[in-house]
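Hi,

Here is the structure I promised to send over. Have a look at it first, and then read on for what turned up.

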Amino acid sequence: MKTRLSNILQSYACLGAVSALFAVPPVLAQQTADQPAEASKPMPTLQPVPTTVPGRPDVPNAEVAKRLTNVAPHPFGLPEDQLPVPKLKVPKGFKIEVYASGIPNARSLRLGDKGTVFVSNRLLDKVYAIVEKNGKREVKVIASGMDRPNGLAFHKGTLYIAEGTRISKLENIEDNLDNPGKPVVIYSDFMNTQSHGWKFMGLGPDNMLYVNVGSPCNICEPPSGTGQLRRISLDGKTAEPVVRGVRNSVGFDWHPVTKELWFTDNGRDWLSEDLPEDELNRVTQHGQHFGFPYCHNGTFTDREVGWGRTCEEFEKPAALLGPHSAALGMRFYTGKMFPAQYRNAIFVARHGSWNRTKKIGGDIIVVHLNKDSTVKSQEPFLTGFLRDNAYIGRPVDVLVMKDGSLLVSDDHAGAVYRVTYGGDKVAKR
Amino acid sequence: MTHARARTGRDPRFVFPRLARSVATCVLVALPALAAGADALETRLATCLACHGEKGQSATPEVPSLGGQPAFYLTVQLLMFRDRLRVVELMNKMMAGFSDGDLQNMAKFIAQLPPPQPAGGSLDSDRMERGQTLAAQNRCNFCHQADYSGGQNVPRLAGQREDYLVKTLREYKYETRRGYDASMADVLYSVSDEQLPDLAYFLARFR
């Protein structure tokens with residue numbers, strides 16, 4: 001009987017992750033093997049593992065499975081002397097340095113009119129302000145006890161904060177950084193979902209707050225009111241969807257010339273190593289649908305919910321940004337410090353994959369556009385966060401400063417970096 | 001500044017009178033220790049272990065065994081209690097005022113407690129099989145490892161208290177417990193409520 005059992009197990013060796021399971025509870029295995037086989041079909045007595053539930057992966061072997069676990073950031077952030085800056089690479093003529101450290105889970109970046117840099121949290125509860133005083137930089141907590149306050153927008157002295165289920169505001173914030181008061185809620189019509197429930201937020205050229213309402217799943221028919229970008233008036237009184245068919249966007253910006261909205265979108269997990277890719281999308285009309293959950297990358301329908309649909313029904317992405325690369329924050333470069341080729345190009349922070357055995361991303365890329373707003377090329381800009389298939393930092397958002405330098409947030413190491421070009425700051429190589 | 005967190009409260013099962021009673025009992029036992037020397041880490045740890053079990057195995061209904069949990073996971077949970085990211089009033093009170101270093105030291109100590117023993121008694125092989133199939137279908141063994149010992153921010157499940165597992169799975173599914181990230185809410189989206197007890201049964205008895 002033992003031999004027969006081991007034969008059976010061998011025949012299922014390809015289901016490595018699962019055969020480990022079969023092997024462990026001996027009571028179970030023995031009992032299954034003891035069942036008398038029918039004469040007509042003697043083998044196999046062990047059933048192969050049932051097909052996966054929607055949105056869960058096919059069966060790779062146990063060794064492969066180990067490389068597909070999620071990556072959690074440090075809960076406290078790293079001290080400045082342990083930050084990965086010496087290992088980071090920028091193109092010739094650029095320099096990267098620490099702008100601020102000690103900001104655990106540093107996420108979205110926003111600039112106030114008076115030069116304050118605001119930094120948000122996704123996994124923790126705080127919003128920070130970085131201020132410069134007499135040449136010294138200081139980090140202050142301006143809000144705490146918040147529910148995933150990932151989204152930030154700034155308009156005429158007021159900081160807007162998007163939490164999991166509401167948007168609130170802090171007026172005259174830059175004059176009251178030491179005593180900011182309690183945020184006043186202006187809008188709260190959001191479903192409470194942990195899955196993709198955190199928000200990215202930005203101020204549109206129409207002076208409306210734009211916010212992503214993520215699909216609360218890996219892959220599903222998004223419940224009504226989710227899977228969209230929504231715009232909300234500054235008083236919170238009116239709201240409407242502006243883009244549909246979004247899985248989860250954690251970064252968007254408006255083209256400085258055409259004023260069109262561009263956004264990144266994170267593709268579904270557990271389909272394969274190489275598909276789908278994360279997307280860069282360009283919105284040319286109000287209400288456009290970008291395919292989720294039916295069509296990915298504008299080229300193929302979903303294997304679970306795409307039946308009966310065609311990609312022709314949906315908008316196609318402007319560019320593909322790599323499978324599972326977690327393309328998050330993005331900004332058009334409107335500064336003057338960097339060389340002319342970067343003017344109006346898009347910097348995109350790729351947080352880096354977890355749902356891929358060979359990780360990709362963990363960098364800032366730059367996407368160059370043609371005059372007609374089609375994508376011309378994309379290339380790496382800031383790299384080095386990904387070493388030996390593990391992260392020493394993970395970029396989340398980018399921010400163009402008034403002097404044209406570029407800030408980059410890192411939620412893994414808990415820091416903000418600054419990239420500069422030229423002058424006496426040119427790196428000697 | 002603290003906001004009351006929005007909770008859907010979609011499922012009435014989250015009121016746990018039994019939990020309240022059992023915790024009240026063990027806290028009464030532990031409270032003198034807490035009052036005697038609130039600042040000493042060892043004293044606080046004694047208080048923790050009065051409910052969670054001195055040898056890593058909890059005998060208190062719906063209170064988890066902590067033995068063999070990864071230090072990173074423990075640190076994060078202690079931090080979430082301290083900063084009220086996870087709202088469990090008793091735990092929030094217990095963790096108030098600790099420094100980041102204290103949390104890490106406590107986590108390091110607790111992580112060295114021996115892993116809990118799997119639940120005993122006679123095995124219902126049908127339930128074991130159903131639970132095992134569910135665990136395989138949903139790929140629990142990817143992040144929690146093939147032996148369900150966990151790692152980094154992913155907790156050990158093998159030998160955990162069955163009642164605590166059922167409670168926790170429901171809390172994640174109905175989004176009344178917040179995770180450090182949203183992984184568990186993602187995974188449980190497609191697992192039905194009726195399946196959760198079998199999953200817990202299997203994991204509590206996994207050896």
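In helix α6 of chain B, the buried residues are B:Gly131, B:Gln132, B:Leu134, B:Ala135 and B:Ala136. Keep in mind as you read that this is a predicted model. The helix itself covers residues 125-137, and its length checks out: 13 residues at 1.5 Å each should span 18 Å, and the end C-alpha atoms are indeed 18 Å apart. Just past the end of α6(B) you'll find B:Arg139, which has a positive phi of about 60°.

Helix α8 of chain B, residues 162-173, is worth a look next. With 12 residues, α8(B) reaches 16 Å from first C-alpha to last, close to the 16 Å expected at 1.5 Å a residue. Its buried residues are a mixed bunch: B:Asp163, B:Leu165, B:Lys167, B:Thr168, B:Leu169, B:Tyr172 and B:Lys173. So what covers them? The cover includes α9 (183-188) and α10 (196-205), both in chain B. After α8(B) comes B:Glu175, and its phi is positive too, near 60°.

Now for a helix pair, still in chain B. Two packed helices are described by the angle between their axes and the distance between the axes. The axes of α3 (residues 71-82) and α5 (residues 100-111) of chain B come within 8 Å and cross at roughly 135°. That angle makes α3(B) oblique to α5(B), because it falls short of the range over 145 degrees that would count as roughly antiparallel. The crossing is right-handed.

If you want to find the contact on screen, here is who takes part:

- from α3(B): B:Ala71, B:Leu74, B:Thr75, B:Leu78, B:Leu79 and B:Arg82
- from α5(B): B:Leu103, B:Gln104, B:Met106, B:Ala107, B:Lys108, B:Ile110 and B:Ala111

By type, the residues of this contact divide into 9 nonpolar, 2 polar and 2 charged.

Last, one residue over in chain A. A:Glu97 sits in strand β1, residues 94-101. Is A:Glu97 buried, exposed or partly exposed? It is partly exposed, because 13 other C-beta atoms lie within 10 Å, and a residue counts as buried at 20 or more and as exposed at 12 or fewer. Leaving out residues up to four places away in sequence, A:Glu97 touches A:Val85, A:Tyr417 and A:Arg418. For a sense of scale, A:Phe190 is 93 residues from A:Glu97 along the chain, and their C-alpha atoms are separated by 38 Å.

Cheers

How values were computed
Residues are numbered from 1 along each chain as its sequence is written. Chains are lettered from A and ligands numbered from 1 in the order in which they are written. This is a predicted model: local features need pLDDT of at least 70, side-chain atom pairs count only at pLDDT 80 or more; totals for chains, interfaces and linings use all residues. Axes are lines fitted to C-alpha atoms, for helices over the stretch in contact, and angles run from 0 to 180 degrees between N-to-C directions. Helices (H or I, at least four residues) and strands (E, at least two) are DSSP runs, numbered from the N terminus. Angles under 35 degrees count as roughly parallel, over 145 as roughly antiparallel, 65 to 115 as roughly perpendicular and the rest as oblique. A crossing is left-handed if the near helix is turned anticlockwise from the far one by less than a right angle, and right-handed if clockwise. Two residues are in contact if their C-beta atoms, placed from the backbone, lie within 7 Å. Ala, Val, Leu, Ile, Met, Phe, Trp, Tyr, Cys and Pro count as nonpolar, Asp, Glu, Lys and Arg as charged, and the others, Gly among them, as polar. The expected span of a helix is 1.5 Å times one less than its number of residues.
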